[in-house]
Amino acid sequence: MRGHFRILSVLVIAYAATASAQGAGVSGAPAPPSPGAGAMRPLATELHPPGVKGLHLGGAGSGFFIAQNRVLTNFHVAGACKALTIGNNREGQEADADLVAGDAAVDLAVLSTIGAGETPVRFNTDAPLEAGAHLAVVGYPAFGRPLLDAQLEQASVMDGDAAGDRRYFTFIGAIRGGNSGGPVLDEKGAVVGVVTAKIDTPAMYKKTGILIKDIGFAIPNRTIFDFLRRNSIAFQQGEQAATLAPAQILQSAHGFVRQIWCWK
């Protein structure tokens, strides 16, 4: 079993190296929400700020506050938009946002916006992740009609070399379109990475003959820290001592995880 898992890890890492040259992104067909999926977002046009008038919605992703008015997300979520808006995780209303830093090579971007009581997240700076460690992915997975509040998906580390030289680390967990740019959190609610892509199951099967699904790719903290420091963007490090239950992690994440809308 251990040898089979190791072979699977090698196949996925090899696939990730190929996929990274084509650009990262979380894809997946919409599916009906589960009974606990949360409130659905209203479609009223008055929820959008005036700055997007005349534009159409080009896509949506996730992001999270790393400082009072700074939101971290993927470059592929926000880098090619005429306008950006960020939800408030409450009534569905949106605020204008601007791109202040971005790097397509590492698929990271920082937006500026007006926060309203948000609590910036903290980043884990402890020992490297080990294979099998419990994680939580929090974001706005697409279920056809967008969700009003962020959702949590439990996950676990697949590739434990998150502190090595690889561009991504892999995790096992069901993610879908809309999760891009959301945080990957450890058991104490601290950030250990940013969701950037998921396995393309049909392409992987065509390449290897093995059916592999529910595997995601995350940008590790070392890459995030380098990007933020290069752009002189402050962030908070450290985590609380206590391990949290998934419900507690989600409750905390509602203070900093937000939906991002790209307008074109």
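## Helix 4 across the strands

In this predicted model, helix 4 (residues 221-230) lies across four strands: strand 1, strand 2, strand 4 (94-103) and strand 5 (108-113). Against strand 5, the helix runs at about 50°. Its buried residues are Asn221, Thr223, Ile224, Phe225, Phe227 and Leu228.

Just past the helix comes Ser232, which sits in the loop between helix 4 and strand 13 (236-237). Ser232 isn't a glycine, yet its phi is positive, at about 55°. With a relative accessible area of 69%, Ser232 is exposed.

## The barrel

The strands under discussion belong to a barrel: 6 strands close up in the order 1-2-5-4-3-14, with antiparallel pairing. On average, neighbouring strands of this sheet are turned by 40° against each other, direction ignored. As a reminder, strands of a sheet pair through backbone hydrogen bonds, either parallel or antiparallel.

Take one pair as an example. Strand 1 (residues 57-67) and strand 2 (residues 70-73) run antiparallel and are joined by 3 bridges. Here Phe64 stands opposite Leu72 of strand 2.

## Two nonpolar cores

Phe64 and Leu72 turn up again in the largest nonpolar core, which has 39 residues. Along with Ile66, Phe123 and Leu228, they are the residues with the most contacts inside that core. Helix 4 gives the core its largest share, 4 residues. There is also a second, separate core of 12 residues, with Leu129, Leu135, Ile175 and Val184 among them. In soluble globular proteins, nonpolar side chains tend to be buried together.

Leu72 shows how the pieces meet. Leaving out residues up to four places away in sequence, its contacts include Ile224, Phe227 and Leu228, which are buried residues of helix 4. Leu72 also touches Leu108, Ala109 and Val110, as well as Phe123, Gly181 and Val194, among others.

## Asp103, Asp107 and the strand 4 to strand 5 loop

Asp103 is found in strand 4. Is Asp103 buried or exposed? It counts as buried because its relative accessible area is 19%, and the cut-off for buried is under 20%. Its side chain reaches the backbone nitrogen of Ala105 at 2.9 Å, and a polar contact of 3.2 Å joins the side chains of Asp103 and Arg230. Beyond four places in sequence, Asp103 touches Phe75, Leu108, Phe227 and Arg230. Two of these contacts, Phe227 and Arg230, fall in helix 4 (residues 221-230).

A little further along, Asp107 lies in the loop between strand 4 and strand 5. Asp107 has a positive phi of about 60°, although it is not a glycine. Where Ser232 is exposed, Asp107 counts as buried, at 5% relative accessibility.

## Helix 5 and a long-range contact

Leu250 is found in helix 5 (residues 246-253). Leu250 and Gln151 are 99 residues apart in sequence, but their C-alpha atoms are 7.3 Å apart in space. Gln151 is one of the residues that Leu250 touches, and Val138, Ala150 and Leu152 are on that list too, not counting residues up to four places away in sequence.

## The chain as a whole

Contacts over long stretches of sequence are a theme here. Of the contacts between residues at least 6 apart in sequence, 75% join residues at least 24 apart. The secondary structure comes to 5 helices and 14 strands.

Of the 264 residues in the chain, 47% are buried. The chain exposes about 12,200 Å², and carbon and sulfur atoms supply 54% of that area.

Conventions. Residues numbered from 1 in each chain as written. Predicted model: local features only at pLDDT ≥ 70, side-chain atom pairs only at ≥ 80, totals over all residues. Heavy atoms only, no water. Pairing = 2+ DSSP bridges. Helix = DSSP H or I, 4+ residues; strand = E, 2+ residues; numbered from the N terminus. Axes fitted to C-alpha atoms, helices over the stretch in contact; angles between N-to-C directions. Contact = heavy atoms within 4.5 Å. Buried < 20%, exposed > 50% of the residue type's maximum accessible area, 1.4 Å probe, protein only. Polar contact = N/O pair within 3.5 Å; in protein donor to acceptor, adjacent residues only side chain to side chain. Areas by Shrake-Rupley, 256 points an atom, 1.4 Å probe, with all protein chains shown as cover. Core = buried A, V, L, I, M, F, W, Y, C linked by side-chain atoms within 4.5 Å.
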